[in-house]
Amino acid sequence: MKKIVSLAALTLLFISISFAQTKPPFWDDVQTIKKYDQMFKPPVNPVLFVGSSSIRKWDDLTQVFAKYNPLNRGIGGAVVNDITRYLNDIVFPYNPRQIVLYVGENDVVDDKVTADTVLNRTIILYKAIRAKLPTTPILYISIKPSPSRDKFRDKVIGANALIRKFLATEKNTAFVDVFPSMLKDGKGRRELYVSDMLHMNAQGYAIWKKAIQPYLLK
C-alpha cells in the first residue's frame, strides 16, 4: 500500500514539474491578472495600457488618466512576443476603445536580436491585434533610452526608426517619441529613473504623461 501511495505521489510530482517546465513565460502573472478580473470587474471599453514593466510599474496611472477610463495590464519583463502570446488574456477580453503599447525594450538586450527583429516582432503583434480589433486606435510609445542599457542605444534608435516608419503607413495608429525628451547632452537623464537606471520615477512618468495625453480618447 505504501508503495502504491509513493508511486502516486511521485507521479503527481512529475506531472507538476513537467507542467512547470512547459508553462510559457509569465503564465502565472497572467493567471493572477485573470483572477483579479474575476474579483474586481474591469472598466468597460477602457483605454488599455499594455506592455512591459514601464507600464506595470506606473503605479498611479489610473489616477493620472482617470478621465480616460484607463486600465493597466503591463507585465514586468515581457518582450514583444509575450504580449502577442497573451492577447486573448490581457487585451481582447476588455474590448478596449484604445490601446497604449510599450514593449520592445526587453527585446534589445538579447545579443541575437537586431532592430529588424524588434520590428518584425512588433509587426506580428500589430497584425494579431488588427485581426481582432481592426479599427481600434493604437498608440505606440517609443523605446526609451534607459541609462542602464546605454550600450544598446544604437539598436534602440534603429528599432524606433523602423517601427515609426511602419506605423506611419497604418491607419488608426500613432507613434509617440519619448526618446529625445529623456536625453540630456546625448545621454540618458539619470534623474528620471530609480536606482536601477531602468525603471522610471515620477519625473520620468511626468514626461510620458505630457507626451501621451494629447492622443488619448475620452
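Reader: Why is Asn 69 called partly exposed?
Author: The relative accessible area of Asn 69 is 27%. Buried means under 20%, exposed means over 50%, and partly exposed is in between, for a 1.4 Å probe and protein chains only. The value of 27% falls in between, so Asn 69 is partly exposed. The model is predicted: local features need pLDDT of at least 70 and side-chain atom pairs count only at pLDDT 80 or more, while totals for chains, interfaces and linings use all residues. Residues are numbered from 1 along each chain as its sequence is written, and side-chain values use heavy atoms, without hydrogens and water.

Reader: What makes the phi of Asn 69 worth a remark, and where does Asn 69 lie?
Author: Phi is near 55 degrees, a positive value in a residue other than glycine. Asn 69 lies in the loop between helix 4 (61-64) and strand 2; helices (H or I, at least four residues) and strands (E, at least two) are DSSP runs, numbered from the N terminus. Phe 26 also has a positive phi, near 65 degrees. Phe 26 sits in the loop between helix 1 (2-22) and helix 2, and is partly exposed at 22% relative accessible area.

Reader: How do you know that the reach of helix 2 is close to the expected one?
Author: Helix 2 (residues 27-39) has 13 residues and reaches 19 Å from its first C-alpha to its last. The expected span is 1.5 Å times one less than the number of residues, which gives 18 Å here. The 19 Å reach is close to that.

Reader: What makes the buried residues of helix 2 line one face?
Author: The buried residues are Val 30, Gln 31, Ile 33 and Asp 37. Down the helix axis they fall within an arc of 155 degrees, so they line one face; the arc is taken from the directions from the axis to the C-beta atoms. On the other side, Thr 32, Lys 35, Gln 38 and Met 39 are exposed. The cover over the buried residues includes strand 2 (70-74) and helix 6 (87-90).

Reader: Why is Thr 136 called buried, and what does Thr 136 touch?
Author: Its relative accessible area is 9%, so Thr 136 counts as buried. Thr 136 is in the loop between helix 7 (115-132) and strand 4 (138-141). Leaving out residues up to four places away in sequence, Thr 136 touches Pro 96, Arg 97, Gln 98, Ile 99, Arg 130 and Asn 172, a contact being heavy atoms within 4.5 Å. The C-alpha atoms of Thr 136 and Pro 96 are 7.5 Å apart, although 40 residues separate them along the chain.

Reader: What makes a space a pocket rather than a cavity?
Author: On a 1 Å grid over the protein atoms alone, a cavity is a set of points where a 1.4 Å probe fits but cannot get out, whereas a pocket is an open set with protein on both sides within 12 Å along at least five of seven lines; lining residues have an atom within 4 Å of a point. The largest pocket holds about 430 Å³. Of its 21 lining residues, Ile 33, Tyr 36, Leu 71, Asn 72 and Arg 73 are closest to the centre. Helix 2, helix 4 and strand 2 each give two or more residues to that lining. There are 3 cavities of 30 Å³ or more, and the largest has a volume of about 60 Å³. Volumes are the space filled by probe spheres set on grid points joined across faces, edges and corners.
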